[in-house]
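Trainee: Hi! Could you walk me through this structure?
Mentor: Happy to, let's look at it together.

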Amino acid sequence: LREAEMQMLRAQINPHFFFNALNTIQAGAGHDPKVAALVQNLAGYLRYVLKHRRNLRVPLGEEYDAAMAYLAVEQARFCEGLEVEEQIDRAARAVMVPGVLIQPLLENAIKHGRRTSGVPLKVVLRVGLDEAETVVITVANTGQWVPETSAGGDGVNGVGLANLRRRLSLSYPGGERLSVACEEGWVTVQLRLPTGEPPAGSHTTAHTTLSSPDASSDY
């Protein structure tokens with residue numbers, strides 16, 4: 001039943017990204033020399049999704065590469081309006097994690113960052129292992145915190161991050177940690193995952209921690 005629910009949650013992919021990407025390709029076809037790279041990155045992301053559509057866990061390196069393809073498409077959309085800084089520790093690439101973890105965090109950062117950040121919006125992605133061999137995934141963006149209940153919130157966060165938190169609670173019963181911090185014009189979301197397999201058959205509900213000086217858990 002847990003595996004069936006995981007597959008169902010993985011299937012809830014927001015189609016707007018694909019429609020926006022295809023519109024970008026259509027607008028630039030025949031005029032922009034970067035169209036080929038855009039198509040290649042979109043194809044790479046789709047290939048990753050299809051390759052692992054039945055896998056509950058994927059190598060973190062492949063997850064990271066797919067996230068890079070996603071970011072490349074978004075950079076093609078926003079041009080100079082989006083700057084990206086990224087890094088992954090080589091040792092982290094072989095760790096097995098649930099798929100499609102990073103992309104929802106990046107999508108959230110871009111969506112809310114564009115609303116509250118100056119231009120260009122800056123997004124930082126860092127993936128690595130800490131001293132305790134815990135996977136640490138950090139996504140930061142310039143801008144301000146946007147609670148879902150505020151006048152500027154549109155409720156789009158609800159499905160994406162709620163989906164992610166539920167998937168994490170199924171994959172890491174009691175073990176995952178998702179935290180949010182706001183400081184000096186940056187919003188930082190950090191995800192910490194144990195590298196070991198969770199106990200088989202465990203039904204414990206995970207406690208997801210969201211912490212921020214003035215933040216809502218709906219970012």
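**A chat about the fold and its salt bridges**

Mentor: Going along the sequence, the protein chain runs α-α-α-β-α-β-β-α-β-β-α-β-β. Keep in mind that this is a predicted model.

Trainee: OK! How many helices and strands does the protein chain have?
Mentor: The protein chain has six helices and seven strands.

Trainee: And how many salt bridges are there in the whole structure?
Mentor: Searching the whole structure turns up five salt bridges. Let's go through some of them.

Trainee: Sure. Which residue does Asp65 pair with?
Mentor: Asp65 forms a salt bridge with Arg93 through their side chains, with an N to O distance of 2.7 Å. Asp65 sits in helix H4 (residues 60-78), while Arg93 is in the loop between strand S2 (82-88) and strand S3 (96-97), so this pair ties together parts 28 residues apart in sequence.

Trainee: Why do side chains pair up like that?
Mentor: Side chains of opposite charge can pair when their charged atoms come close.

Trainee: How accessible are those two?
Mentor: Asp65 counts as partly exposed, at 39% relative accessibility. Arg93 is partly exposed too, with a relative accessible area of 29%.

Trainee: What about Arg77, which residue does it bridge to?
Mentor: Arg77 makes a salt bridge with Glu74, and their closest N and O atoms are 3.0 Å apart. Both residues lie in helix H4, three residues apart, which is about one turn of the helix.

Trainee: Is Glu74 buried or exposed?
Mentor: Glu74 counts as buried, because its relative accessibility is 5% and the cut-off for buried is under 20%. Its partner Arg77 is at 28%, which makes Arg77 partly exposed.

Trainee: Nice. Now, where do Glu85 and Arg126 come in?
Mentor: They form another salt bridge, with the closest N and O atoms 2.2 Å apart. Glu85 is in strand S2 and Arg126 in strand S4 (residues 121-129), so to speak distant parts of the chain, 41 residues apart, that the pair links. Glu85 is partly exposed at 40% relative accessible area, and Arg126 is partly exposed at 34%.

Trainee: Switching topic: how much of the protein chain is buried?
Mentor: Of the 219 residues in the protein chain, 43% are buried.

Trainee: And what is on the accessible surface?
Mentor: The accessible surface comes to about 11200 Å², and carbon and sulfur atoms hold 53% of that.

Trainee: Last one: what share of the contacts joins residues far along the sequence?
Mentor: Counting contacts in the protein chain with a separation of 6 or more, 75% are between residues 24 or more positions apart.

Technical notes:
Residues are numbered from 1 along each chain as its sequence is written. This is a predicted model: local features need pLDDT of at least 70, side-chain atom pairs count only at pLDDT 80 or more; totals for chains, interfaces and linings use all residues. Side-chain values use heavy atoms; hydrogens and water are left out. A salt bridge is a side-chain nitrogen of Lys or Arg within 4 Å of a carboxyl oxygen of Asp or Glu. Helices (H or I, at least four residues) and strands (E, at least two) are DSSP runs, numbered from the N terminus. Buried means under 20% relative accessible area, exposed over 50%, partly exposed in between (1.4 Å probe, protein chains only). Contact means heavy atoms within 4.5 Å. Accessible areas come from the Shrake-Rupley method with a 1.4 Å probe; for residues, only the protein chains shown count as cover.
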